[in-house]
Amino acid sequence: MNIEEVASYCKRRGIIFPTSEIYGQVPGFYDYGPVGVELSRNLKNYWWKTFVQDRDDIIGIDGSIITNPLVWKASGHVDSFVDPLTECKKCKKRFRADHIVEEKTGKQTDGLKNEQLSELIINEKIKCPDCKGDLGAVKSFNQMFCTNVGPVEGNIAYLRPETAQSIFADYKSVMDSARVKPPFGIAQIGKAFRNEISPRNFIFRKREFEQMEIEFFTKADKKNDCLDYDKISNLRLKILSGEKQEKGLSDAEEMSIKTAFEKKIFSNKWHAYWTATFYQWFLDLGIDANKLRIRQHMKSELSFYSAGTVDIEYEFPMGFKEVQGIADRTTYDLTQHQNLSKQNLEYFDEETKTKEILYVATEPSLGVERLLLLVLFNGLKEEPERLVLKIHPKIAPYKIAVFPLIKKDLEPKAREVYNLMKEEFSSFYDEAGSIGKRYRRQDEIGTPYCLTVDYDTLKDESVTLRMRDSMKQERIKISELIPKIKEAIKKGLV
Ligand code: ATP
């Protein structure tokens with residue numbers, strides 16, 4: 001399936017559709033439908049459970065989208081959160097300069113300056129993709145959305161372009177209220193807004209999206225003291241180093257985390273640990289390891305705050321693309337906020353009686369929409385008789401669908417089974433069409449277990465349980481359903 005086919009599947013199945021479509025689409029904005037909202041919540045809940053609730057070293061916050069605008073001055077976004085823009089001199093349409101250069105020439109543009117992109121546009125004779133007019137000199141375009149707060153004109157504020165800064169801006173309040181000691185992390189899931197020049201590839205590049213981020217703090221001299229490093233150091237994965245890309249090469253090499261650390265792919269041991277931990281998390285979700293790779297940022301493309309960044313990339317139909325960025329953000333952000341706010345953001349170590357700005361050894365930043373797209377591409381399988389979404393049961397929008405074989409006589413019993421299931425699992429009731437059609441509808445949205453109530457159910461209190469992937473059917477007592485399905489979800493049996 002290509003990206004357009006996935007977009008049309010998502011619309012048909014109530015997963016995602018363009019926002020306010022009756023008035024015409026606003027590029028870069030999408031809404032979740034009844035199935036999509038369940039799927040995205042399940043992904044977020046699974047992330048939160050794994051990285052916040054199940055860990056002792058991470059606490060959560062939920063910051064507001066609008067903050068004091070000085071937050072974005074301190075962070076550098078007001079001055080430097082820009083993308084390269086070129087405008088057609090004829091039709092006046094605006095484009096992401098690096099993207100059209102990449103498309104026309106196949107050349108890597110990461111880290112190129114505006115002047116270099118302008119030169120490439122001239123030398124490679126790149127024209128407006130729409131009207132073939134001449135393209136203008138490349139300029140910087142700030143991606144932050146601006147608004148006014150209250151009735152006063154000019155009282156401007158920005159919609160946050162990343163969730164990370166809420167964590168830094170709230171850092172003092174968190175430290176004053178929670179008793180945490182480094183190493184520890186502060187996590188957040190929330191909306192972010194970027195006025196992307198050309199939103200594209202369905203939900204891959206949106207203007208309003210969600211991020212799941214952790215800022216993981218250590219003392220500066222302890223960023224290599226990662227107790228769990230040995231647990232992950234033998235994990236093998238495909239890595240494309242910055243050095244290779246600088247030589248124009250693009251083939252990833254398989255190596256262990258330990259070797260990659262020795263080759264300086266990671267900035268510190270926590271950076272290696274978090275990359276491996278998230279990579280493993282993707283595998284546990286059932287993502288195909290052959291489609292994943294780690295790409296180290298080249299020096300020329302590193303963000304101004306980063307001492308080292310790697311991306312976890314997935315091979316979409318449009319090529320390997322970033323799903324998650326994992327950066328060593330140093331002490332940059334807290335230092336900036338301390339300087340501009342004039343508040344002391346140092347950590348006081350009771351044991352050594354010393355004070356210091358803590359070091360962000362790692363920031364893993366994952367986009368909800370990109371994760372969802374990855375889950376769809378990884379899970380959607382076109383089989384001869386059906387389209388089936390093979391996703392892990394723990395993230396499936398509905399765990400169970402209940403059908404009466406014949407509506408007329410069996411509805412009351414089927415509803416009784418449905419009500420029982422609903423108490424434990426997110427469930428769906430369907431009595432329309434043939435059983436075969438009902439199975440197909442559930443297969444398409446990834447429901448792992450279907451229960452059919454038939455005439456025998458009335459006699460022996462048993463139903464037919466049908467598994468999504470194997471399509472195996474078995475007879476099972478209603479009284480045994482809940483523990484059996486709980487076990488199957490836990491073990492990923494489908
Ligand atoms: P890209 O290079 O693709 O624009 P980025 O490097 O700017 O991404 P980050 O600033 O590292 O992205 O943001 C962290 C994560 O947030 C990304 O890995 C991605 O999952 C998500 N993300 C960023 N921008 C968007 C967007 N416009 N739409 C959807 N998700 C996004």
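These legends describe close-up views of a predicted model.

**View 1. The whole chain.** The chain has 494 residues and a radius of gyration of 25 Å. A compact globule with 494 residues would have a value near 23 Å, so the chain agrees with that expectation. Along the principal axes, the C-alpha atoms fill a box of roughly 75 × 65 × 55 Å. The secondary structure comes to 18 helices and 25 strands.

**View 2. The open sheet of 9 strands.** Pairing in this sheet is mixed. The strand order is β3-β9-β10-β18-β15-β14-β13-β11-β12. β3 (58-60) and β12 (253-256) stand at the edges. Each has a single partner strand, so one side of each is left without a neighbour in the sheet. On average, neighbouring strands are turned by 30° against each other, direction ignored.

**View 3. β9 and β10 inside the sheet.** Strand β9 covers residues 184-193, and strand β10 covers residues 208-218. The two pair in the antiparallel sense over 10 bridges. For a landmark, take I189, which stands opposite M212 in β10. The loop between β9 and β10 holds F202. Phi of F202 is near 60°. That is a positive value in a residue other than glycine.

**View 4. The cis peptide bond ahead of β9.** The bond from P182 to P183 is cis. Its omega is near 0°. P183 sits in the loop between α8 (171-177) and β9.

**View 5. Helix α12 on the sheet.** α12 lies across β3, β10, β11 (236-240), β13 (292-296), β14 (308-316), β15 (319-328) and β18 (359-367). The helix runs at about 20° to β18. Both β3 and β18 belong to the open sheet of View 2.

**View 6. Helix α2 against helix α12.** Here α12 (residues 269-284) appears again, now with α2 (residues 34-53) as its packing partner. Their axes are 13 Å apart, at an angle of about 140°. The two helices are therefore oblique to each other. An angle has to be over 145 degrees to count as roughly antiparallel. The crossing of α2 and α12 is right-handed. From α2, the contact uses Y46, W47, T50 and F51. From α12, the contact uses W274, T277, F278, W281 and D284. By class, the contact residues divide into 6 nonpolar, 2 polar and 1 charged.

**View 7. Helix α1 against helix α14.** α1 (residues 3-12) packs on α14 (residues 368-379) at an angle of about 100°. The axes are 12 Å apart. α1 and α14 are therefore roughly perpendicular to each other. I3, V6, Y9 and C10 in α1 meet L373, L376 and F377 in α14. The residues of this contact divide into 7 nonpolar, no polar and no charged.

**View 8. The β19-β20 hairpin.** β19 (residues 380-383) and β20 (residues 386-389) pair in the antiparallel sense. The pairing runs over 4 bridges. The two strands form a hairpin, with 2 residues between them. E383 has R386 in β20 as its bridge partner.

Notes:
Residues are numbered from 1 along each chain as its sequence is written. This is a predicted model: local features need pLDDT of at least 70, side-chain atom pairs count only at pLDDT 80 or more; totals for chains, interfaces and linings use all residues. Side-chain values use heavy atoms; hydrogens and water are left out. Axes are lines fitted to C-alpha atoms, for helices over the stretch in contact, and angles run from 0 to 180 degrees between N-to-C directions. Angles under 35 degrees count as roughly parallel, over 145 as roughly antiparallel, 65 to 115 as roughly perpendicular and the rest as oblique. A crossing is left-handed if the near helix is turned anticlockwise from the far one by less than a right angle, and right-handed if clockwise. Contact means heavy atoms within 4.5 Å. Ala, Val, Leu, Ile, Met, Phe, Trp, Tyr, Cys and Pro count as nonpolar, Asp, Glu, Lys and Arg as charged, and the others, Gly among them, as polar. Two strands pair if DSSP finds at least two bridges between them. The radius of gyration is taken over C-alpha atoms; the globule rule is 2.2 Å times the number of residues to the power 0.38.
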